[in-house]
Structure formats: structure tokens, C-alpha cells
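Got the viewer open? Let's take a short walk through this one, selecting as we go.

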Amino acid sequence: FGRRAPRVLEIGFGMGETTAAIALARTADDFLGVEVHSPGVGSLLKRIAELGLTNVRVIQHDVVEVVAAMIPPASLAGVHVFFPDPWPKKRHHKRRLLTPEFVHELALRLAADGCLHVATDWEEYAQEILATLHAVAEGRTSLSIAHRLPTIADADTILVLDGGELAEQGTHAALLRRQGLYAEMWARQAEAMEELSAAQVA
């Protein structure tokens, strides 16, 4: 990146819409996106070029190996894991990304005030992630469990953890009324999407 700035690891960024939007809104931060699928990598690279983003880098490789070999301890301001494959069949659960071992490795790479943000639309997987986070949290992670970002307002229940503890729980409307952590995250996401839309129109 050629500068000193907070660095966020984006794991499995899909087609890159959210990564591009967040990077556009947070130009003071750097984002390292890791994705294995070529169409998603190509899509994000196109967005980077179109928007003139200088704070995004992309690695096409297995993220477990990237974290182990390329990310130094306590070097990340945040980690985003949005909608990892839930591998719903029980015999495939061992393939899930967010194992206690991997979450522990991510925690080691977070700075003391770093945050881990996770979203999933599978309730059973959400409960497993919650249990995993409680087991490895060291007072420095935040976790949000919800439906996909474009439809998050329709989620039956949204759980927000701060410091490994449940901070907020409720519907989208109820959490916005509380004006707490969830409302802050929602406002940042909405602002980022507006800026991305404006940039695309321009």
C-alpha cells in the first residue's frame, strides 16, 4: 500500500460490491481482499479501476494459507467475513471456514482494538459461530449475525456482539431506535452504498 494506515482483511468478498463500497467510504483505511473464485476477483478489480481506488489489494488464494503465511500478528484493524459457505449438510461441516482454530488465528492477527465482523444467513451456523467466538474472544472482537446486507432489514433477529459478549439483539427497526452499535454500523454501510452509487453514476 505504500503507507501506514489501518488495515482490514476482507475474506471471501464475492463479486466485490461491498468491499468497493466500504473502501470508497473509508479512504483512510486499507483493505486486503482474499477470494478464490476468478469471477469475483475480476469483478472487484474492475470496480477498483472504475472507481480509482488506491486502498484495495486483492489476493486470489486460500485464505487460511494467506493468514498463516502473509499476515503478521497484531497487524489488522479488522477482519470482515460476510456470508461464508455454510456447508449445510452435516457431513460437510468440517469444511466450514470459521473453525475455532482459524478464528483463533484471526484473533492473533488483530490489533488490541481490532474487530472481527461476521455475517451469515444460516441460523444454525450463526449459533456455531457465536459459540466459537465466545470460546476464543479476548475482549477485542465484534460479531454481527444477520441476513445478507441488501436484505438485512428483513432479518427476523439480528445479534450484535461486542468484546465477545452479546451487546444488542432485535429487529432492524428496534435496533435502529436504540441508536447503539448496530445503528452506527448500519449508518456507515448506508453512507458507503450512497457514495458508491454516486461514483458509478458519475
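Start by selecting arginine 109, which sits in helix H4. Keep in mind that this is a predicted model. Is arginine 109 buried or exposed? Its relative accessibility is 8%, and buried means under 20%, so arginine 109 counts as buried.

Now show what surrounds that side chain. Leaving aside residues up to four places away in sequence, arginine 109 touches Val67, Ala68, Ile71, Pro72, Pro73, Ala74, Ser75 and Leu76. Two of those names, Val67 and Ala68, belong to helix H3, which makes H3 a handy next stop.

**Next selection: H3 and H4**

Select residues 63-70 for H3 and residues 100-109 for H4. A quick reminder before you draw the axes: two packed helices are described by the angle between their axes and the distance between the axes. How do these two score? The axes of H3 and H4 come within 11 Å, with a crossing angle of roughly 40 degrees. The pair is therefore oblique. As for handedness, H3 passes H4 in a left-handed crossing.

Put sticks on the contact residues. On the H3 side, pick Val63, Val64, Val67 and Ala68; on the H4 side they meet Phe102, Glu105, Leu106 and our old friend Arg109. Color them by class and you get six nonpolar residues, two charged ones and no polar ones.

**Then: H1 and H2**

Hop back toward the N terminus and select residues 17-25, helix H1, along with residues 38-51, helix H2. What is the angle at which their axes cross? Roughly 30 degrees, with the axes coming within 9 Å. Angles under 35 degrees count as roughly parallel, so H1 is roughly parallel to H2. Here the crossing is right-handed.

For the sticks this time, take Glu17, Thr19 and Ala20 from H1, plus Leu44, Arg47 and Leu51 from H2. By class, the contact of H1 with H2 has three nonpolar residues, one polar and two charged.

**Last stop: the whole chain**

Clear the selection and zoom out. A cartoon view takes in seven helices and eight strands. Color by burial next: of the 202 residues in the chain, 45% are buried. Switch on a surface, and about 10,500 Å² is exposed, with carbon and sulfur atoms supplying 54% of that area.

If you like contact maps, make one to finish. Take the contacts between residues at least 6 apart in sequence: 65% of them join residues at least 24 apart.

Note on methods. Residues numbered from 1 in each chain as written. Predicted model: local features only at pLDDT ≥ 70, side-chain atom pairs only at ≥ 80, totals over all residues. Heavy atoms only, no water. Axes fitted to C-alpha atoms, helices over the stretch in contact; angles between N-to-C directions. Helix = DSSP H or I, 4+ residues; strand = E, 2+ residues; numbered from the N terminus. Parallel < 35°, antiparallel > 145°, perpendicular 65-115°, else oblique. Left-handed = near helix turned anticlockwise from the far one by under 90°. Contact = heavy atoms within 4.5 Å. Nonpolar A, V, L, I, M, F, W, Y, C, P; charged D, E, K, R; others polar. Buried < 20%, exposed > 50% of the residue type's maximum accessible area, 1.4 Å probe, protein only. Areas by Shrake-Rupley, 256 points an atom, 1.4 Å probe, with all protein chains shown as cover.
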